[in-house]
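Biologist: Could you put the model up and walk me through it? I would like to begin with the charges and then move on to the fold and some single residues.

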Amino acid sequence: MYYESTRGLKPKFNSAQAIKAGICEDGGLFVPETIPEISQEFIKDLINLDYKQIAYKVLSLYLKDFSEDELKDCINKAYDSEKFTSERIAPVVGINKIASILELWHGPTCAFKDMALQILPHFMVKSLQKTNENKEIVILVATSGDTGKAALEGFKDIAGTKVVVFFPNKGVSEIQRLQMITQKGGNLNSIAINGNFDDAQNGVKEIFTDKDFIEDFLSKGVKFSSANSINWGRLAPQIVYYFSSYIDMVKSNKIQFGEKINFVVPTGNFGNILAGYYAKQMGLPINKLICAANDNNVLSEFLKSGIYNSKKDLKKTISPSMDILVSSNLERLLYELTDRDSSLIRIWMEKLKEKSEYKIDEDTKRKIHDLFWANYSTEEETYKTIGHMYDEYRYVSDTHTAVAIDVYEKYVISTADMTKTVIVSTASPFKFNSSVVKGIFGEDKIKNKSENDLLSLLSVECNVNIPNSLKDLDKKDILHKLIINKEDMKKILTGIL
Ligand SMILES: *Cc1c(COP(=O)(O)O)cnc(C)c1O
């Protein structure tokens, strides 16, 4: 199976080449030349399999140039029970007769990014071997919190790779900052930037587009790469849990085999929900994919109106992992829905770059409305949802998950659709504890308390266990102390590499 670019280039890359490259040289994203179709038998056969076995079945349809041993080795290293606190890896929890929650945060960093970033480094190493790459790979990450920590944890002590994470010193939560500056691993660096997330991201982009700088490092045997969600090696593993959760719904008798279900996905860069689209196209019985956004609602407005307008100020919300104006992975969906019209995609993406706006045709818009439903949750509504989920179901949801739940409630009111639904939960509530405590117990409860105080408060008051990886973060040694100005990112790289 070859991979081709959404902007028209067909370099005849296999999956190892696409994973190594990350993005295509024409600026487009790699997609498989065809989406593999599966039979009902294929799905039925998954019923007796565990997560790793399901992962093998699904991933082997896409990473065809990986041998069985190679692929199984990657899967076993990624989803082992020492790294994930739930043996089921991605458990489904019932809420009521209609709605269930798929928890994607039982990995080492307590956020859904682990589902892909635990396996991507292994794909990467194998891809380097398979393409006879002899350079050391340095992964550069600009992060607003979750991705940085998940990349550090995923690439920890992986031979032939290094990771340098840049995070805004005052732009991440205290828990997220502690997670990154106490990170162990000889090949890892976390560096704080005096500035915001955009400064960190612009700095990284600047490095990736500085040809002289890149050439200079190449001649020293160092190749820069990225671990962000446009890499096919991050998207493919996310298709797996749509299958595993469907199987869980069947096994717990919530649905009959073959019955269609909805998924609600808290969305930022459109990676997670796009994996759901792939699952549906493959043949998994999915009714609607419900896209949930926060106050940064550019994407949800686009799915409704067909007009993408990113001429807005980015707001800092209590669900920061979804604070995004340009959802990169949308390009892959548009490519499929326009029957792979790469010239149209190039025109739209050019407009987005030049004018921060483009409008799609009616036909594509209709296809979107058939597949998706979209809305957003305001800050106020998100807090309220955290509160009522606890009051009504004793379920403690993080802010991102609460956005999804609120949008699902809006969906039911608007459509009266009673199809069984899986709400995708993307972070442990402990990662965003101050907003969660405020949502459940009110503003007074968080006054004058540090995030560490709030960890234990949330645990005691709601009777839920603090994940081991978040315990005693404040007592761990601080291993990464660098705080730099944004102008100095290149200089620092030259120094540490
Ligand atoms: C990254 C992230 C999201 C958004 O996922 P996308 O694939 O970018 O749409 C949602 N919630 C959390 C907690 C995340 O870390």
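Modeller: For the charges, Lys and Arg count as positive and Asp and Glu as negative, while His and the chain ends are not counted; the place of a charge is NZ of Lys, CZ of Arg, CG of Asp or CD of Glu. This is a predicted model, in which local features need pLDDT of at least 70 and side-chain atom pairs count only at pLDDT 80 or more, whereas totals for chains, interfaces and linings use all residues. Residues are numbered from 1 along each chain as its sequence is written, and side-chain values use heavy atoms, with hydrogens and water left out.

Biologist: OK, so how far apart are the mean positions of the positive and negative charges?

Modeller: The protein chain has 64 positive and 67 negative charges, and their mean positions are 0 Å apart.

Biologist: And the fold, how many helices and strands?

Modeller: There are 21 helices and 15 strands in the protein chain, taken as DSSP runs numbered from the N terminus, with H or I over at least four residues for a helix and E over at least two for a strand. The radius of gyration is 21 Å, close to the 23 Å of the globule rule for 497 residues, so the chain is as compact as a globular protein of that length. That radius is taken over C-alpha atoms, and the rule is 2.2 Å times the number of residues to the power 0.38. Along its principal axes, the C-alpha trace spans about 60 × 55 × 50 Å.

Biologist: What percentage of the residues count as buried?

Modeller: Of the 497 residues, 58% count as buried, where buried means under 20% relative accessible area, exposed means over 50% and partly exposed lies in between, with a 1.4 Å probe and protein chains only. As for contacts (heavy atoms within 4.5 Å), residues 24 or more positions apart account for 75% of those with a separation of 6 or more.

Biologist: Let's go to α13. Which of its residues are buried?

Modeller: Helix α13, residues 298-305, has Val298, Leu299, Ser300, Phe302 and Leu303 as its buried residues. What covers them includes the strands β10 (286-293), β11 (307-309), β12 (357-359) and β13 (372-376), together with the helices α14 (330-337) and α16 (362-371). Just after α13 comes Gly306, with a positive phi of about 85°.

Biologist: What lies in the loop before it, between β10 and α13?

Modeller: Asp295 lies in that loop, and Asp295 is buried, with a relative accessible area of 17%. Leaving aside neighbours within four places in sequence, Asp295 is in contact with Lys315, Thr317, Tyr376, Ser377, Thr378 and Glu379.

Biologist: Where is Trp373, and what is it in contact with?

Modeller: Trp373 is in strand β13 and is buried, at 19% relative accessible area. Beyond its neighbours within four places in sequence, the contacts of Trp373 are Leu289, Ile290, Cys291, Val407, Lys410, Tyr411, Ser414 and Thr415. The C-alpha atoms of Trp373 and Ser300 are 8.4 Å apart, with their positions 73 residues apart along the chain.

Biologist: Switching to α6, is Lys126 buried or exposed there?

Modeller: Lys126 is buried, with a relative accessible area of 12%, and it lies in helix α6, residues 120-130. Not counting residues up to four places away in sequence, Lys126 touches Phe66, Glu70, Asp73 and Cys74. In α6, 8 of the 11 residues are buried, so the helix is largely enclosed by the rest of the structure. After α6 comes Asn132, whose phi is positive, near 55°.

Biologist: How many disulfides does a search of the whole structure find?

Modeller: The search finds 0 disulfides, a disulfide being a pair of cysteine sulfur atoms within 2.5 Å. Cys110 is in none, and the nearest cysteine sulfur, that of Cys462, is 16 Å away. Cys110 counts as buried at 2% relative accessibility, and Cys24 is buried too, at 5%.

Biologist: Last topic, loops: what is the phi of Lys12, and of Asp339?

Modeller: Lys12 has a positive phi of about 55° although it is not a glycine; Lys12 is in the loop between β1 (3-5) and α1 (15-21) and counts as exposed at 54% relative accessibility. For Asp339, phi is positive as well, near 50°; Asp339 sits in the loop between α14 and α15 (342-355) and is exposed, with a relative accessible area of 62%.
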